[in-house]
Protein chains: 2
Amino acid sequence: MIIKTIQWANNAVKIIDQTRLPAEFRHVYIRDLKCLWHAIKTLQVRGAPALGAAAGLGVYLGIKDCKARNFAGFSRQLDGVIRYLGSSRPTARNLFWGLERMASVAAINRGKSVSQIKKILFAEAMEIIEEDRRACRKLGGYGSALIKNGDTVLTVCNAGILATIDYGTALGVLYRAQEKRKRFKVFACETRPLLQGARLTTWELKQKGIDVTLICDNMAATLMRQGKIDKVIAGADRIAANGDTANKIGTYSLAVLARYHGIPFYIAAPASTFDARMKSGEDIVIEQRPAAEVTRGFFKKPIAPANVAVYNPAFDVTDHALISAIITDRGIIRPPYRQQIKKALKPL
Amino acid sequence: MIIKTIQWANNAVKIIDQTRLPAEFRHVYIRDLKCLWHAIKTLQVRGAPALGAAAGLGVYLGIKDCKARNFAGFSRQLDGVIRYLGSSRPTARNLFWGLERMASVAAINRGKSVSQIKKILFAEAMEIIEEDRRACRKLGGYGSALIKNGDTVLTVCNAGILATIDYGTALGVLYRAQEKRKRFKVFACETRPLLQGARLTTWELKQKGIDVTLICDNMAATLMRQGKIDKVIAGADRIAANGDTANKIGTYSLAVLARYHGIPFYIAAPASTFDARMKSGEDIVIEQRPAAEVTRGFFKKPIAPANVAVYNPAFDVTDHALISAIITDRGIIRPPYRQQIKKALKPL
């Protein structure tokens with residue numbers, strides 16, 4: 001089965017509805033901006049790189065029927081679309097990276113006709129998609145060198161096909177290692193509250209024929225204590241200039257546990273996830289999500305008393321000092337991060 | 001509302017069915033041994049100290065209608081009952097402690113008539129219950145000295161009223177602190193897969209009017225990183241001679257995280273949870289539970305692909321070196337544990 005997380009098809013944004021996995025594999029065609037905003041907000045489409053593509057396609061979706069005759073009018077609509085899409089989820093860098101990139105391409109081409117600019121923006125959205133496909137494969141190539149025969153790798157949330165266009169970051173490393181015929185096993189943290197590890201990561205690893213075992217998030221430490229984990233690889237939603245990394249809640253916990261047990265802890269992310277404007281993790285805004293995700297969510301009935309207070313941050317920040325290396329499409333970045341990130345990410 | 005987790009009433013073992021909480025508060029009367037075994041296995045009644053009481057009452061339930069005319073016949077039935085109850089759950093020390101205690105009382109009284117021995121065993125089961133009530137209050141008294149005004153305490157699973165007769169161990173410390181009019185807040189880890197933290201701990205803390213916030217297990221580290229947790233208190237299922245402690249899965253993770261963040265980590269348990277025959281945590285048998293608890297359990301539909309491999313240990317072992325102190329009914333035990341445990345637990 002070919003899995004393509006997000007694409008343009010039939011004049012619409014076509015996504016896999018990830019809220020239905022693993023029970024149902026179903027595509028959704030999104031034809032208006034509100035639906036796309038909703039799809040992002042409810043995590044029908046999620047994962048930082050996939051949100052970069054959603055930004056590109058979303059901007060095109062939002063302006064393709066624009067009636068403006070001049071750039072001023074067009075630009076007003078474009079700005080509105082960008083602001084609106086940017087209000088869906090605050091933490092994933094790639095969403096804003098994609099939006100800024102579309103805005104900048106429009107601005108550069110302001111001298112052209114509105115219909116020409118529309119075509120250019122469509123081409124740019126397609127280019128974002130193609131770049132992600134290439135970046136994930138490059139990243140996988142670099143990262144796969146870290147995987148040894150017989151390794152057992154722990155991962156969290158979903159940083160795979162379903163978080164990108166069609167290959168993955170953390171899981172892309174594993175797919176590339178598999179292509180190189182390396183033998184390894186994976187433990188997947190279920191990743192409460194929305195269970196992306198249980199629902200998405202185990203599903204796609206099984207599609208790929210990779211040996212995967214599901215655990216609850218609170219079981220990772222005991223596996224490490226037993227010496228059963230050789231390395232941890234996680235994705236990223238935003239990486240600050242000093243290497244501090246925001247990723248799905250629970251990632252920081254694994255990084256601390258890995259450090260305690262002497263296990264290498266890797267982050268895998270494309271250049272588009274880095275945010276040079278954030279000096280450190282302190283600057284990264286962490287999305288807070290509704291209490292009901294924790295207390296109701298997937299459950300048959302509420303699993304906690306009505307009106308219980310809930311703390312539900314969608315992400316945490318892992319200090320760069322806990323990260324052994326950051327696997328990117330520009331190579332593997334190692335400490336000292338501030339200098340090495342700057343060097344690796346300088347314009348090609 | 002008076003909450004009594006397990007008691008003898010109407011010639012039956014009366015328990016709160018904890019699998020129905022928090023949606024329903026319902027008592028179940030258990031009149032035969034198989035039902036009690038099932039109630040223990042399915043966690044209708046759970047928590048190490050409560051299982052000590054279940055052992056006492058269960059033995060009485062199993063022998064009260066014994067038709068044997070002499071001790072030999074009675075003893076055969078008693079042995080069968082004890083072996084059967086002991087096969088329900090392997091890790092909680094108190095279950096075996098209770099069973100061994102009942103066996104020993106029967107043996108001491110072997111010269112008496114079967115009907116006299118039955119009465120003595122019933123009295124012993126009642127005494128186990130009364131001792132737990134006193135032990136939890138004593139333990140709470142000692143532990144409450146550790147709670148400072150303004151503290152925020154993190155706990156895991158349920159080591160409260162619902163894990164004991166009517167007061168709790170880790171939560172007993174908090175109840176005693178509340179009685180002393182100390183102000184504090186609690187964060188409760190939901191405790192996957194069976195959600196005892198979400199379902200039971202938040203429920204009973206709310207009954208008691210204590211400020212509690214629910215988190216997913218993978219959120220504890222980020223709270224610690226933010227400096228929001230002043231101490232961690234967990235219960236115990238079995239404590240080895242060197243202080244290594246088996247408790248609900250996830251406890252070890254919290255202990256490592258607490259150490260990394262410089263936060264005191266306490267275990268709270270009565271003397272009956274200590275097992276001098278276990279030299280260290282290596283000797284403790286960890287119960288493995290079914291995959292379906294993780295993939296189906298409370299969910300509307302399966303949250304992972306069919307036949308996904310699952311690792312589901314019910315407990316983990318926390319190294320004594322990570323434990324700041326063990327709060328018991330004999331006082332607060334501090335390192336060096338091997339000597340101090342021996343000293344604290346010597347027969348009164």
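Let's start at a small but telling spot: just after helix α6 of chain B, B:Arg181 takes a positive phi of about 65°. Keep in mind along the way that this is a predicted model. The helix before that residue, α6(B), spans residues 170–179 and is mostly covered, with seven of its ten residues buried. Those seven are B:Ala170, B:Leu171, B:Gly172, B:Val173, B:Leu174, B:Tyr175 and B:Ala177.

While we are in chain B, have a look at the loop between β2 (12–16) and β3 (27–30), where B:Pro22 sits. The peptide bond leading from B:Leu21 into B:Pro22 is cis, and its omega is near 0°. Chain A offers a cis bond too, from A:Arg192 to A:Pro193, with omega near 5°. You will find A:Pro193 in the loop that joins β5 (184–189) to α7 (196–207) of chain A.

Staying with chain A, turn to the loop between β1 (6–9) and β2 (12–16), the home of A:Asn10. A:Asn10 is not a glycine, yet its phi is positive, at about 50°. In that loop you will also meet A:Asn11, another residue other than glycine with a positive phi, near 60°. How open to the surroundings is each of them, exposed or partly exposed? A:Asn10 counts as exposed because its relative accessibility is 54%, and the cut-off is over 50%. A:Asn11, at 46%, counts as partly exposed.

Now for the helices of chain A. Two packed helices are described by the angle between their axes and the distance between the axes. Take α1(A) and α2(A): their axes come within 10 Å and cross at roughly 165°. That angle is why α1(A) is described as roughly antiparallel to α2(A). The crossing is left-handed. On the α1(A) side the contact is made by A:Leu33, A:Leu36 and A:Ile40, and on the α2(A) side by A:Leu51, A:Ala54, A:Gly58, A:Leu61 and A:Gly62. Sorted by class, this contact has six nonpolar residues, two polar ones and no charged ones.

A second pair to follow is α4(A) and α5(A), which pack at an angle of about 145° with their axes 10 Å apart. Here the crossing is right-handed. From α4(A) come A:Trp97, A:Gly98, A:Arg101, A:Met102, A:Val105 and A:Ala106, while the residues that α5(A) brings to the contact include A:Ile117, A:Ile120, A:Leu121 and A:Glu124. The classes in this contact are nine nonpolar, one polar and four charged residues.

Helix α4(A) deserves a longer look. Its 16 residues, 93–108, reach 22 Å from the first C-alpha to the last, close to the 22 Å expected at 1.5 Å a residue. Among its buried residues are A:Leu95, A:Phe96, A:Leu99 and A:Met102. What covers the buried residues of α4(A)? The cover includes helices α1, α2, α3 and α5 as well as strands β8 and β11 of chain A.

Our last stop is A:Val156, in the loop between β4 (151–155) and α6 (170–179) of chain A. With 3% relative accessibility, A:Val156 counts as buried. Leaving aside neighbours within four places in sequence, A:Val156 is in contact with A:Cys189, A:Thr191, A:Ile233, A:Ala234, A:Asn247, A:Thr251 and A:Leu254. One of these, A:Thr251, lies 95 residues away along the chain, with 6.8 Å separating its C-alpha atom from that of A:Val156.

Technical notes
Residues are numbered from 1 along each chain as its sequence is written. Chains are lettered from A and ligands numbered from 1 in the order in which they are written. This is a predicted model: local features need pLDDT of at least 70, side-chain atom pairs count only at pLDDT 80 or more; totals for chains, interfaces and linings use all residues. Side-chain values use heavy atoms; hydrogens and water are left out. Helices (H or I, at least four residues) and strands (E, at least two) are DSSP runs, numbered from the N terminus. The expected span of a helix is 1.5 Å times one less than its number of residues. Buried means under 20% relative accessible area, exposed over 50%, partly exposed in between (1.4 Å probe, protein chains only). Contact means heavy atoms within 4.5 Å. Axes are lines fitted to C-alpha atoms, for helices over the stretch in contact, and angles run from 0 to 180 degrees between N-to-C directions. Angles under 35 degrees count as roughly parallel, over 145 as roughly antiparallel, 65 to 115 as roughly perpendicular and the rest as oblique. A crossing is left-handed if the near helix is turned anticlockwise from the far one by less than a right angle, and right-handed if clockwise. Ala, Val, Leu, Ile, Met, Phe, Trp, Tyr, Cys and Pro count as nonpolar, Asp, Glu, Lys and Arg as charged, and the others, Gly among them, as polar.
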